[in-house]
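Visitor: Could you walk me through how the pieces of this chain pack together?
Guide: Happily! Let us look at the model first.

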Amino acid sequence: MTTYAVTGATGHLGRLVVAELLSRGVPAADVVAVVRTPDKAADLAARGVQVREGDYDRPETLPAALAGVQRLLLVSGSEPGRRVPQHAAVIDAAQAAGVERIVYTGILNADETSNPLAGEHQATEQALRASGLPVSVLRNGWYTENYTERLEEFLQRGEIVGATGTGKVSAAPRADYAGAAATALLTDDGDVVVHELGGQAFTFAELAATISDVTGTPVAYRDLPVEEYTAELEQAGLDAGTAGFVAGIDASIAAGDLETSSDDLARLLGRPVTPLADVVRAARG
């Protein structure tokens with residue numbers, strides 16, 4: 001029997017992937033939830049999932065967490081600036097444990113993007129290739145939840161403010177990315193497989209129009225030059241570094257870095273990607 005491990009298994013994405021594996025008939029005893037705080041995974045343990053402590057920042061915890069694992073989903077760390085050593089620790093432990101394949105959640109268009117988050121994902125891809133292990137790279141686009149989790153804010157303000165121009169975002173909900181990750185974990189083969197993952201692309205003006213249509217509340221998109229957007233973010237209370245970072249992401253969207261024409265996500269899901277309007281509708285309740 002194959003044993004599958006998911007790191008960050010109590011996070012938004014990791015927990016969904018574990019649920020996907022179970023829903024597809026993988027025995028709970030063959031699923032390892034690697035978590036920093038095992039108490040937070042009590043519900044998974046109650047379902048028969050193996051819960052093991054594994055902390056990216058404590059490499060000594062990782063060998064035991066990955067013992068006996070054949071296929072590993074490495075969910076990227078959530079702390080910019082720390083991901084490269086964190087991921088390297090997991091890759092080293094996977095090599096030592098005899099893991100047969102690593103599936104990694106990276107960033108869309110990693111080969112050519114200017115997204116300020118991309119560097120750590122690019123470095124991780126390089127480390128994965130250098131490991132000699134068979135690898136699948138899930139180059140995930142943005143989560144639609146990045147926007148729907150701010151839905152009430154947009155509705156109250158009546159606008160979305162940004163610096164994306166006419167750039168498009170090929171976003172999809174976390175559940176879709178989780179489904180794709182489960183498929184890759186279960187079925188991918190070959191030395192290095194790269195999936196460019198995203199849904200139907202939309203501009204921020206189209207995002208605003210969709211929110212307006214679904215909710216019945218008018219929401220407009222107000223586009224600003226990057227410098228003006230940075231200044232507005234600082235006026236809203238962000239420090240200069242964070243404001244520049246947020247505006248830099250918008251600039252990368254304007255450049256097309258978070259748009260893809262790839263159908264990899266739908267192919268892995270075996271169905272169309274969930275439309276933006278459906279995600280907004282679900283968020284609205």
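**Helix packing and cores**

Guide: In this predicted model, helix H1 (residues 12–23) packs against helix H8 (residues 174–187), with the axes 8 Å apart and at an angle of about 55°.

Visitor: Is H1 parallel, perpendicular or oblique to H8?
Guide: The angle between H1 and H8 is about 55°. Roughly parallel needs under 35 degrees, and roughly perpendicular starts at 65. Therefore H1 is, relative to H8, oblique.

Visitor: How many residues in the contact of H1 with H8 are nonpolar?
Guide: On the H1 side, residues including Leu 13, Leu 16 and Val 17 meet H8 residues, among them Ala 178, Ala 181 and Leu 185. Two residues of this contact are polar and two are charged. The nonpolar ones number 11.

Visitor: Which element gives the most to the largest nonpolar core?
Guide: That core has 55 residues, and Val 6, Leu 21, Leu 72, Leu 73 and Ile 102 touch the most other members. With seven residues, the top contributor is H8.

Visitor: Which H8 residues does Arg 24 touch, and is Arg 24 buried, exposed or partly exposed?
Guide: Arg 24 sits in the loop between H1 and strand S2 (31–35). Leaving out residues up to four places away in sequence, Arg 24 touches Gly 179, Ala 182, Thr 183 and Leu 186. Its relative accessibility is 36%, and buried means under 20% while exposed means over 50%. So Arg 24 counts as partly exposed.

Methods:
Residues numbered from 1 in each chain as written. Predicted model: local features only at pLDDT ≥ 70, side-chain atom pairs only at ≥ 80, totals over all residues. Heavy atoms only, no water. Axes fitted to C-alpha atoms, helices over the stretch in contact; angles between N-to-C directions. Helix = DSSP H or I, 4+ residues; strand = E, 2+ residues; numbered from the N terminus. Parallel < 35°, antiparallel > 145°, perpendicular 65-115°, else oblique. Contact = heavy atoms within 4.5 Å. Nonpolar A, V, L, I, M, F, W, Y, C, P; charged D, E, K, R; others polar. Core = buried A, V, L, I, M, F, W, Y, C linked by side-chain atoms within 4.5 Å. Buried < 20%, exposed > 50% of the residue type's maximum accessible area, 1.4 Å probe, protein only.
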